[in-house]
Amino acid sequence: MWKGSRFDLLYGRLVLVKDMTALPKEKYTLEEYFQLEKETTERFEYFEGKVYSMARVSQEHDAIESNVHTSLKLKIRGKKCRAFLTNMRLKVPSLPLYRYSDGSALCGEAVYEKIGRVDVLVNPQLIIEVLSASTEKFDRDQKFKHYKSIESFREYLLISQENYFVVHYLKHNEKFWMQTEYDRLEDAINLTTLECELTLAEIYEDITLPQI
């Protein structure tokens, strides 16, 4: 893999290698990419013939993902709902193939499509991203824009790993998403699609961060 402070162009933006690393081969076929995905537990994304190794996450990032997934699993138990970990692939119609989020969930029947002999989730309702300094702008802007091409997508949760801060987007119509910000541990986020609440105290359990 490339080393050093090199930048690569991905989805029209510069990406620091420490967050997403391009494998050294110049071009990969789709068949080669699918084979790579099948042979390893590491996550890779494909874009215009290049294969990118997804970032190794920080301790805070990993803990937040785990806290959110555990809390959601407990809250939706007994409902016809499911919460998915970061290794669940999502079909994003406005981007080729599939993408990885930091978490997703839905109520109702999960719909999958086979892409490259792997199951890809077609109908997530809630998508979760844990922000880092170098990916925050992309997650808020371009990635959000592409996620909107998923017909079932209704809620977007952006979680900071730098301080206690969460942004919740709720879809009202094709033109308007309501944005609500939370920065106190006692704050509770109403997740409409799952019919439950998630507090910042649950999200940041056992994690010490500075206040905003």
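A salt bridge is taken here as a side-chain nitrogen of Lys or Arg lying within 4 Å of a carboxyl oxygen of Asp or Glu. In this predicted model, the side chains of Arg184 and Asp187 meet that description, with a distance of 2.9 Å from N to O. The two partners differ in their surroundings, since Arg184 has a relative accessibility of 47% and counts as partly exposed, whereas Asp187, at 10%, counts as buried because the limit for that class is under 20%. The pair also belongs to a wider arrangement, in which Arg184, Glu186 and Asp187 are linked in a network of salt bridges.

Side chains of opposite charge can pair when their charged atoms come close. A search of the whole structure finds 10 salt bridges, among them one between Glu37 and Arg89, whose closest N and O atoms are 3.1 Å apart. Because Glu37 lies in helix 1 (residues 30–39) and Arg89 in strand 7, this pair ties together parts of the structure that are 52 residues apart in sequence. Both Glu37 and Arg89 are buried.

The surroundings of Arg89 can be described further. Strand 7, in which Arg89 is placed, covers residues 89–91, and the relative accessibility of Arg89 is 15%, so that this residue counts as buried. When neighbours within four places in sequence are left aside, Arg89 is in contact with Glu37, with Tyr98, Arg99 and Tyr100, and with the residues Val118, Asp119, Val120 and Leu121. The salt-bridge partner Glu37 is thus listed among the contacts of Arg89, and the two residues are joined by the pairing already described.

Another salt bridge is formed by Glu202 with Lys75, the closest N and O atoms being 3.0 Å apart. Glu202 lies in helix 5 (residues 200–203) and Lys75 in helix 2 (residues 59–75), so the pair ties together parts that are 127 residues apart in sequence. Glu202 counts as partly exposed, with a relative accessibility of 23%, and Lys75 is likewise partly exposed, with a relative accessible area of 27%.

A further acidic residue, Glu136, was examined for its position. Glu136 is found in helix 3, which comprises residues 136–140, and is partly exposed, its relative accessible area being 30%. Between Glu136 and Ser160 there is a separation of 24 residues in sequence, while in space the two are 8.6 Å apart, C-alpha to C-alpha.

Technical notes
Residues numbered from 1 in each chain as written. Predicted model: local features only at pLDDT ≥ 70, side-chain atom pairs only at ≥ 80, totals over all residues. Heavy atoms only, no water. Helix = DSSP H or I, 4+ residues; strand = E, 2+ residues; numbered from the N terminus. Buried < 20%, exposed > 50% of the residue type's maximum accessible area, 1.4 Å probe, protein only. Contact = heavy atoms within 4.5 Å.
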